[in-house]
Each structure stands twice: as structure tokens, then as C-alpha cells.
Amino acid sequence: MFNKISIIIPTWKRTKKLKKVLYSLSNQTIHKNNYEIIVISSALQKIRKNHENIRFFNVPFNSNAIKRNLGLKVKKYPNVIFLDDDCVPSSNFIFEYMRVIPFLSNKQIICGTVKYNSLLKSKNKYIQLRENSHFQIKRKDFTKKKINLLTPATIVTMNMGFKVPKNLGYFRFDEKFGGYGFEDYEFGFRMINKGYDFIKGYPKIYHMDDRNINKYYSKFYYLGYEASKIFRKINLNAFRSTNYYKLEKFFGFKNVVLCKMVSYLLILLISLVNIFNKINGFKSNKFFKLSLILNYILGHVCRYGNLNLNRRWYS
């Protein structure tokens, strides 16, 4: 049982994508007796049926923090992989984790490689820039030395493997986050401050996030409008370590009239930058990052200006 692995998948209303993930996990290069799959949902899904090495659970709230924590409680094996419901693993995905997890210390965590398939990249040009933002590492380059360590901003919880401590204690996601936001960053910040290392690994997934650019912008608007406010309350020190905190300090004015004026200017500026990105075919990483920053600032300003553009994480 030492080498066996529990794979924890939080999910929400992604039945088609989840089926692809489960199909890939059911066709790995190792035998199914060596791993179990735990799917935790907050929505009724047609595929909810325990069979072979797959177990399904349901929670009342759509919270990745709650779902992952539950997975850690009900898992059978001492080694765990976190995988998202829109991340299709490669055929040797579990084997690659089994090669390395048993040799990790109790305070070492592996984050795997993230790729996007060519069809997604051809349909949405900006997705290539998203792929470029993730580290890429091959097996021959893997090392547990400092050169391969990740920061809270670069950890990858949708593809993460580790040994589970006997006493979970602080080894859990903060469930006060509720929905989506900064729960991954806060987890990474807290673990690193407890002496954990997050290491670049080579187990590969293909992220099937097919949101268009406007929906992706909405994610950053939501971070500025709602998620950062929650993050501040949960772990102020962690929030102060982010670049978002620096942005909010710079745009710290709270006059309602001024916020409204600035928000209109930001909307115009975002439109202009987006036009440039489309004309340029999303080849400029700097302008793409500028778009994300501007959307975050817009969310922050709208919060203090009592404006709500009704842009949500999954809008």
C-alpha cells in the first residue's frame, strides 16, 4: 500500500469534461489496483455512480477548499494527487507520480506540468500565453534542489502530488474562502512558511479550460471585486505578499465619485488593449498581462465605487 495513490478531483457542472478525465485515468499504464479516484461534487451529475476504483461524494457548497479537504479525510492511501475536473492526464500520469512521491520527504510537494491541446490554442490564441505562464519541465531536468522550487503564486494545485501527513492539522485549505479566489495561494503561502517545498515536476496534464478571453478577464475582475476582500480577512500577511496588494495600495482611493470616473477610464483602456491583443494575435505577453492587471484594478475600483458589472468567476 506504500506506493498506492488516491486521486482527489473536485468538480462542479462539468460532466463532459469530467468523463474525459475519468476515461484517461481508467486507461493508465499501471493497473487500477494501484490507485483510487475520489470525485467530490456540489452538483448532481449523471455519472455519479461508484464503480471499480472510483468513489463519488457530494457536498452542499461549491468550494474547492471544502472538496479537497473532504477528499483528504476519506482517501484510502497515504499518497495523494490533486487533479481538477477539466485536466486530462497523460497516459503515464500516475506512473510518473509513483516514481517520485515515495522518495519525497514529508515536507515536499510535487506540482506537475500543465499543457493545452493544439485545438484549444488554435481556437483561442490567448491560450498559448496561458500555457507559457506555466513552467515546463522534462524528467531529465527534475531535481529537488532549490532551483526547481515554486512560490505561492506559481504552485499548481490542479496537478499536485504529495505524502499526506498522519495529522492533517494545518495541512488543509481554508474553507472560509467559500467559492473560488485565492485559496491556492493562501495554502501555498502557509505551507511554505511551515517549511514545505513545492517542487516543479513532470507528470503532465492537458488543461481543457475553453473559456474565451472575455470570460478569462472576468476571473481577474472577480478577484479584485470580491476575492481579495475575503483573502484580506483570512490571511492578511499572505495577501500583503502578493503583487495585488501593491496594486490596491497604489489605487487605494475610496471616493465613490472618483472610483466611478476611474472605472470608466479603465473600461476604455481595457477595450483598447484588447483590440491591440487581437490585432497582434495575442503574441505580446506584456500586453496580455496588462489586460489581466487592468481587469483586476477595475474590479477593485468598482468595489469601492459601488459598481457591479455582474462579472463572475464563471460568468
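In this predicted model, Cys302 sits in helix 11. The residue is buried, because its relative accessible area is 1%, below the 20% limit for that class. Leaving aside residues up to four places away in sequence, Cys302 touches Tyr221, Tyr225, Ser263, Leu307 and Leu309. The C-alpha atom of Gly224 lies 8.7 Å from that of Cys302, although 78 residues separate the two along the chain.

Two of these partners lead directly to a helix pair, since Tyr221 and Tyr225 belong to the part of helix 7 that meets helix 11. Helix 7 (residues 213-234) packs against helix 11 (residues 285-304) at an angle of about 40°, and their axes are 7 Å apart. The two helices are therefore oblique to each other, and their crossing is right-handed. On the helix 7 side, the contact includes Ile213, Tyr216, Phe220 and Gly224; on the helix 11 side, Phe288, Leu292, Tyr296 and Cys302 are among the residues involved. Taken together, the residues of this contact comprise twelve nonpolar, six polar and two charged.

Attention now turns to the other end of the numbering, with helix 1. In helix 1 (residues 15-25), the buried residues are Lys17, Leu18, Val21, Leu22, Ser24 and Leu25. They lie on the same side of the helix, because the arc they cover around the axis is only 160°. Exposed Lys16, Lys20 and Tyr23 are carried on the face turned away from that buried side. The cover over the buried residues of helix 1 includes strand 1 (5-11), strand 2 (35-41) and strand 3 (54-58), as well as strand 4 (79-83), strand 5 (87-89) and helix 3 (93-100).

Methods:
Residues are numbered from 1 along each chain as its sequence is written. This is a predicted model: local features need pLDDT of at least 70, side-chain atom pairs count only at pLDDT 80 or more; totals for chains, interfaces and linings use all residues. Side-chain values use heavy atoms; hydrogens and water are left out. Buried means under 20% relative accessible area, exposed over 50%, partly exposed in between (1.4 Å probe, protein chains only). Helices (H or I, at least four residues) and strands (E, at least two) are DSSP runs, numbered from the N terminus. The arc is that of the directions from the helix axis to the C-beta atoms. Contact means heavy atoms within 4.5 Å. Axes are lines fitted to C-alpha atoms, for helices over the stretch in contact, and angles run from 0 to 180 degrees between N-to-C directions. Angles under 35 degrees count as roughly parallel, over 145 as roughly antiparallel, 65 to 115 as roughly perpendicular and the rest as oblique. A crossing is left-handed if the near helix is turned anticlockwise from the far one by less than a right angle, and right-handed if clockwise. Ala, Val, Leu, Ile, Met, Phe, Trp, Tyr, Cys and Pro count as nonpolar, Asp, Glu, Lys and Arg as charged, and the others, Gly among them, as polar.
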